[in-house]
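Please open the model in your viewer and keep the selection tool at hand. The stops below are meant to be taken in order, each beginning with something to select.

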Amino acid sequence: MQCSWGINIKFESQEISENQIKFWAKLNEIFPYYSYRKEQFSIIKAIQNLDNEILMINAETGSGKTAAVLSALLSRKEPGERIVIFTKMLGQMDAWFRELGLINDFNRKMKNKTYTMVPLVGKSNICPLVD
């Protein structure tokens, strides 16, 4: 299968399901960069193949985990589904907002759907005067 960014995708089996084609087509509309890094491609394939399972991702800082995870999750998302992302520290949410901003900027240019992210913050992080 030839993707819009010029990447040849080879699947283990010769049969490519319609869901796989839809996933990669949607991913290519969403992914905010011109190409995938090796680590990103592995993460995206792992998310694509999930079936009610937990996936733990361990990769170096700067390897593109956030972009890969967010793009793959949005590509799998069904209408009406919500994606919930938890981070240990408030500052870690910045990366998710940055990547979603890049995705939405690209989608606006292409006249595609944009996505919304709503942060949920504990009251202890809102005001230093709160006990």
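A salt bridge, as the term is used in this tour, is a side-chain nitrogen of Lys or Arg within 4 Å of a carboxyl oxygen of Asp or Glu. With that criterion, a search of the whole structure, which is a predicted model, finds two salt bridges, and both will be visited after a look at the whole chain.

**The whole chain**

Begin by colouring the protein chain by secondary structure, and you will find four helices and zero strands, arranged along the sequence in the pattern α-α-α-α. Of the 131 residues in the chain, 31% count as buried, while the surface that the chain exposes comes to about 9700 Å², with carbon and sulfur atoms supplying 53% of it. If you consider the contacts between residues at least 6 apart in sequence, 59% of them join residues at least 24 apart.

**The two salt bridges**

Select E18 and K22, whose closest N and O atoms are 3.5 Å apart in the salt bridge that they form. Both residues belong to helix α1 and are four residues apart, which is about one turn of the helix. E18 counts as exposed because its relative accessible area is 56%, and the cut-off for that word is over 50%.

Next select D105 and R108, which form a salt bridge with the closest N and O atoms 3.1 Å apart. This pair lies in helix α4, its members three residues apart, again about one turn of the helix. D105 has a relative accessibility of 40% and so counts as partly exposed, and R108, at 49%, is likewise placed in the partly exposed class. An α-helix has 3.6 residues a turn, so residues three or four places apart point the same way.

**The aromatic cluster**

Now show the side chains of F23, W24, F31, Y33, Y36 and F41, which ring pairs link into a cluster. The structure holds six aromatic pairs. One of them joins F31 and Y33, whose ring centres are 5.8 Å apart and whose planes meet at 70 degrees, so this pair is edge-to-face. Is each of these two residues buried or partly exposed? F31 counts as buried because its relative accessibility is 1%, whereas Y33, at 32%, counts as partly exposed.

**Helix α3 and the core**

Select residues 65–76, which make up α3. This helix has 12 residues and reaches 16 Å from its first C-alpha to its last, close to the 16 Å expected at 1.5 Å a residue. How much of α3 is covered? Nine of its 12 residues are buried, so that the helix is mostly covered, and the buried residues, among them T66, A67, V69, L70 and L74, pack against α1, α2 and α4.

Then widen the selection to the largest nonpolar core, which has 21 residues and in which I44 and L74 have the most contacts. The elements that give two or more residues to this core are α1 (18–30), α2 (38–48), α3 (65–76) and α4 (93–109), and the largest share, six residues, comes from α3. Centre the view on L74 and, leaving aside residues up to four places away in sequence, you can find K26, I30, I83, L100, I103 and Y115 touching it.

Stay in α3 and select S75, which lies in this helix and counts as buried because its relative accessible area is 8%. What does S75 touch beyond the residues up to four places away in sequence? The contacts of S75 are with F23, K26, L27 and I30.

**The loop between α1 and α2**

For the last stop, select P32, which is found in the loop between α1 and α2. P32 counts as buried because its relative accessible area is 19%, and the cut-off for buried is under 20%. Which residues does P32 touch, not counting those up to four places away in sequence? They are S71, E99, L102 and I103. If you draw a distance from P32 to S71, the two prove to be 39 residues apart in sequence and 8.1 Å apart in space, C-alpha to C-alpha.

Terms used: Residues are numbered from 1 along each chain as its sequence is written. This is a predicted model: local features need pLDDT of at least 70, side-chain atom pairs count only at pLDDT 80 or more; totals for chains, interfaces and linings use all residues. Side-chain values use heavy atoms; hydrogens and water are left out. A nonpolar core is a set of buried Ala, Val, Leu, Ile, Met, Phe, Trp, Tyr and Cys residues joined through side-chain atoms within 4.5 Å. Buried means under 20% relative accessible area, exposed over 50%, partly exposed in between (1.4 Å probe, protein chains only). Contact means heavy atoms within 4.5 Å. The expected span of a helix is 1.5 Å times one less than its number of residues. Accessible areas come from the Shrake-Rupley method with a 1.4 Å probe; for residues, only the protein chains shown count as cover. Rings of Phe, Tyr and Trp (its six-membered ring) pair if their centres lie within 6.5 Å; planes under 30 degrees apart count as stacked, over 60 as edge-to-face and the rest as tilted.
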